[in-house]
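Here is a friendly walk through the model you have on screen, from its inner spaces to its helix packing and a few single residues. Keep the 3D view open and follow along.

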Amino acid sequence: GEVCNMINKKYNEFLPSMQSAEDLVSQVDGLSSNIDLLKAGIENEVQRDLNVAVAEFTELKQQLERDTLVLSILKKLQEFDTAIKEYNTALLERKYAAAAQQLEQARSSLKMLESRKGFELKILKALGTELTVQTQNMLYHLGEEWQKLAVWKLPPSKESSSLESVMHSELHLRTVPSKEEEIAGPPVASVLQAFAVLGELHTKLKIFGQLLLKYILKPLISYPSLQPFTEEQSDVFILRFKSEEPNLDRSSPMEVFDKIKLIFEVLHKYLLNVPLEQPVEDKKECRVTLAELLGDMIWEELSDCLIQNCLVNSIPTNSSKLEQYVEVIKSTEEFEKALKNMQFLRGDTTDLLKYARNVNSHFANKKCQDVIVAARNLMTSEIHNTVKITPDSCVALPRLPDPGAGDHLKMQKTSKLLHNNMVNLEDETKLSQYTFSLPTCRISSSVEKLMELAYQTLLEATASTDQCCIQLFYSVRNIFQLFYDVVPTYHKENLQKLPQLAAIHHNNCMYIAHHLLTLGHQFRYRLTNILCDGAATFVDLVPGFRRLGMECFLAQMRVQKGEILERLSSARNFSNMDDEENYCAANKAIRQVLHQLKRLGKVWQDVLPVNVYCKAMGTLLNTALTEIVTRIAALEDISAEDADRLYSLCRTMVEEGPQVFTPLPEEDENKKYQEEVPVYVQKWMTFKELMIILQANLQEIVDQWADGKGPLAAEFSAAEVKSLIRALFQNTERRAAALAKIK
């Protein structure tokens, strides 16, 4: 302050004086050194004391932390020790649930101890070992108890799960706790809760569940004769089986459900009605019962087994029984409800119930599958078992419902026959009786049955729900697609080797094609409403079937033609017939051809429709005649003896050829077809003209030619006739004159 005043004064007075200035400097210097001294003092003494204090504080803090840690560790050790002591006491008193909880307490204390970093106690290892030993000890005791509670008496394992061995399975459940245990509450609950606390319940229940499925539940589903049979003794409840003659080879779902329900009721009453106190994060009480745990483990397998071995078989095979199926659905619902009440099941509509409720779709699937299996069996059965069909034949059919009758059709029992020839397409357009008639022939009886199956299935379709109707309609179409694919492949070898089978197959295809024209028409009222664009028809399949039949038969015809030509090829070209050996060879060839045709005429007799028969035999006979004409017309030299022998060979063909036409079994009825041979054999007249030439003189040949207007000119060309004249006659004036007239 003084210094400031002084400075002010000097300035104010503007009387600067050198002396005063020097005083000022010395005062400032003094002040500065005072500050330095003070600073040195602080640095040397105060700082040192402060450091000491902080160090002391830190040390105290660490000491405190160490003490706290040691204290908490000692506390945990004490907790561990107490838990183990209390566990031992509880175990001796057989209070299993309490004992198990003490073990868990000890386990959590040990966990805390192990989590302390930087504080590894040697003792921890020993404690861990102790805990493991005690846990195993406890589990051993519990295991012993559990074995007394539920005792399985099973057949020796080498026996299969046959009915015989299942009969020897028993399950014994202990019912009353013995005297000294009464205090500890129900032993079952105690044992099972202890398992739960120790986390071993799942394993135990899983094994129990598997035994239950294998030795009790599944056999009850599989063997209708098994009846569960219970017996209560003073302290044990026994579940075993007795076998009764079943009234059916399959039990109804109702019976099976009742048996299974009984098993669950017994288990619920004596073993599983135990709440498990499970530690929960949420504070809300959550009590899972044993029944629920077991249910979760076995329900899926049990329900699959019930569906496959019980519900599947109960699906009806015809729509009239569908109504009664409501009972099955109801009993499935009740079965599930009972299981829910006993807490074996949680959640709603299980697969089991869904399956039962979905009966319409299963019915349709099963029906379609049955239809296809039946059809396939028919297609792979023998072709040669035949039935005769005539234009009056008909497919036996139950009477069809009236068009307007709607969905709930009551099928009348009377049956109406659907004639092959009388298909009344619309009342107003009556078609001629034979528009759709089938010629008389033989078809495989299996194909007739196949057709009946198709009609029956369509009839069933008209009485079904829409969805089922559509499925059935398409499965009938599938029958025919299947025939088209399966039969030619399955019977391939026989159709190639055996001419009779080829003929029957041809008829089968024509018969099917014939029915496909009108099939579906009878059902049109019902089907067209459901199938889009009124597609309830089979007409599109007709050309394919006709082709299938034709191709198979034509292939057989090619085989037969090949054999005829093969046989005629051994006739030495019909040349030099005056040589005995050549003549014999030619004669033999002709005999063989006739024999082949006779045999064919027999195997096709009464099988092929008459018109098809005559065309086929005519074509084959024609093949033989054409070949003979070609060979003879090509000869360059024919001696008089040659000509005679050739003529007699040809005469054999003309006389015996018509006799191979025997389309009908009644001999006298074949006459008219034999007389009509020229109609069926294209080259018949050519052959007759050739025979005339072989016997004629030059003048007769010229007369037969008649300036290209005679019968000879109708069958042979001028070149062919000239060639024959040159082969048959010596080169003379008369021959030259005759040749000149052939032009």
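How many cavities of 30 Å³ or more does the count give? There are four cavities of that size in this model, which is a predicted one. The largest cavity has a volume of about 80 Å³, and 13 residues line it. If you want to find its centre, look for Leu 378, Met 379, Ser 446, Val 447 and Phe 483, which are the lining residues nearest to that point.

Which helices supply at least two residues each to this lining? They are α12 (359-379), α13 (445-462), α14 (466-490) and α16 (499-518). Of the contributors, α13 gives the most, with three residues. The character of the lining is mixed but uncharged: seven of its residues are nonpolar, six are polar and no charged residue takes part.

One of those helices, α12, also holds His 362. Is this histidine buried or exposed? Its relative accessibility is 15%, and the cut-off for buried is under 20%, so His 362 counts as buried. Beyond its neighbours within four places in sequence, His 362 is in contact with Ile 315 and Tyr 355.

**How α21 packs against two helices**

Next, take a look at helix α21 (residues 640-656), which packs against helix α20 (residues 610-633) and also against helix α19 (residues 580-603). The table puts the two pairs side by side.

| Helix pair | Angle | Axis separation | Nonpolar residues in contact | Polar residues in contact | Charged residues in contact |
|---|---|---|---|---|---|
| α20 and α21 | about 170° | 12 Å | eight | no polar | no charged |
| α19 and α21 | about 10° | 11 Å | six | three | five |

The angle between α20 and α21 is about 170°, and angles over 145 degrees count as roughly antiparallel, so these two helices are roughly antiparallel to each other. On the α20 side, the contact is made by Leu 621, Ala 624, Leu 625, Ile 628 and Ile 632, and on the α21 side by Leu 646, Cys 650 and Met 653. By class, the contact consists of eight nonpolar residues, with no polar and no charged ones.

What about α19 and α21, which pack at an angle of about 10°? Angles under 35 degrees count as roughly parallel, so α19 is roughly parallel to α21. In α19, the residues that make the contact are Glu 580, Tyr 583, Ala 586, Asn 587, Ile 590, Arg 591, Leu 594 and Lys 598. They meet Arg 645, Ser 648, Leu 649, Thr 652, Met 653 and Glu 656 of α21. Here the classes are mixed, with six nonpolar, three polar and five charged residues. Met 653 of α21 appears in the contact with α20 and also in the contact with α19.

**Two residues with positive phi**

Asn 573 is not a glycine, yet its phi is positive, at about 60°. You will find Asn 573 in the loop between α18 (542-568) and α19. With a relative accessibility of 42%, Asn 573 counts as partly exposed.

Asp 707 has a positive phi too, near 55°, and is likewise a residue other than glycine. Asp 707 sits in the loop between α25 (698-705) and α26 (711-715). Is Asp 707 buried or exposed? Its relative accessible area is 63%, and values over 50% count as exposed, so Asp 707 is exposed.

**Buried valines and their distant partners**

Val 328 belongs to helix α10 (residues 325-341) and is buried, at 7% relative accessibility. Along the chain, Val 328 and Pro 253 are 75 residues apart, while their C-alpha atoms are separated by 6.6 Å. Neighbours within four places in sequence aside, Val 328 is in contact with Pro 253, Met 254, Leu 311 and Ser 314.

Val 166 is in helix α5 (residues 163-166), and its relative accessibility of 1% makes it buried as well. From Val 166 to Lys 242 the C-alpha to C-alpha distance is 9.9 Å, with their positions 76 residues apart in sequence.

**The chain as a whole**

Stepping back, the chain has 28 helices and ten strands. Buried residues make up 43% of its 743 residues. Among contacts between residues at least 6 apart in sequence, 74% join residues at least 24 apart.

Methods:
Residues numbered from 1 in each chain as written. Predicted model: local features only at pLDDT ≥ 70, side-chain atom pairs only at ≥ 80, totals over all residues. Heavy atoms only, no water. 1 Å grid on protein atoms, 1.4 Å probe; cavity = no way out; pocket = protein on both sides within 12 Å on 5 of 7 lines; lining within 4 Å. Points joined across faces, edges and corners; volume = space filled by probe spheres on them. Helix = DSSP H or I, 4+ residues; strand = E, 2+ residues; numbered from the N terminus. Nonpolar A, V, L, I, M, F, W, Y, C, P; charged D, E, K, R; others polar. Axes fitted to C-alpha atoms, helices over the stretch in contact; angles between N-to-C directions. Parallel < 35°, antiparallel > 145°, perpendicular 65-115°, else oblique. Contact = heavy atoms within 4.5 Å. Buried < 20%, exposed > 50% of the residue type's maximum accessible area, 1.4 Å probe, protein only.
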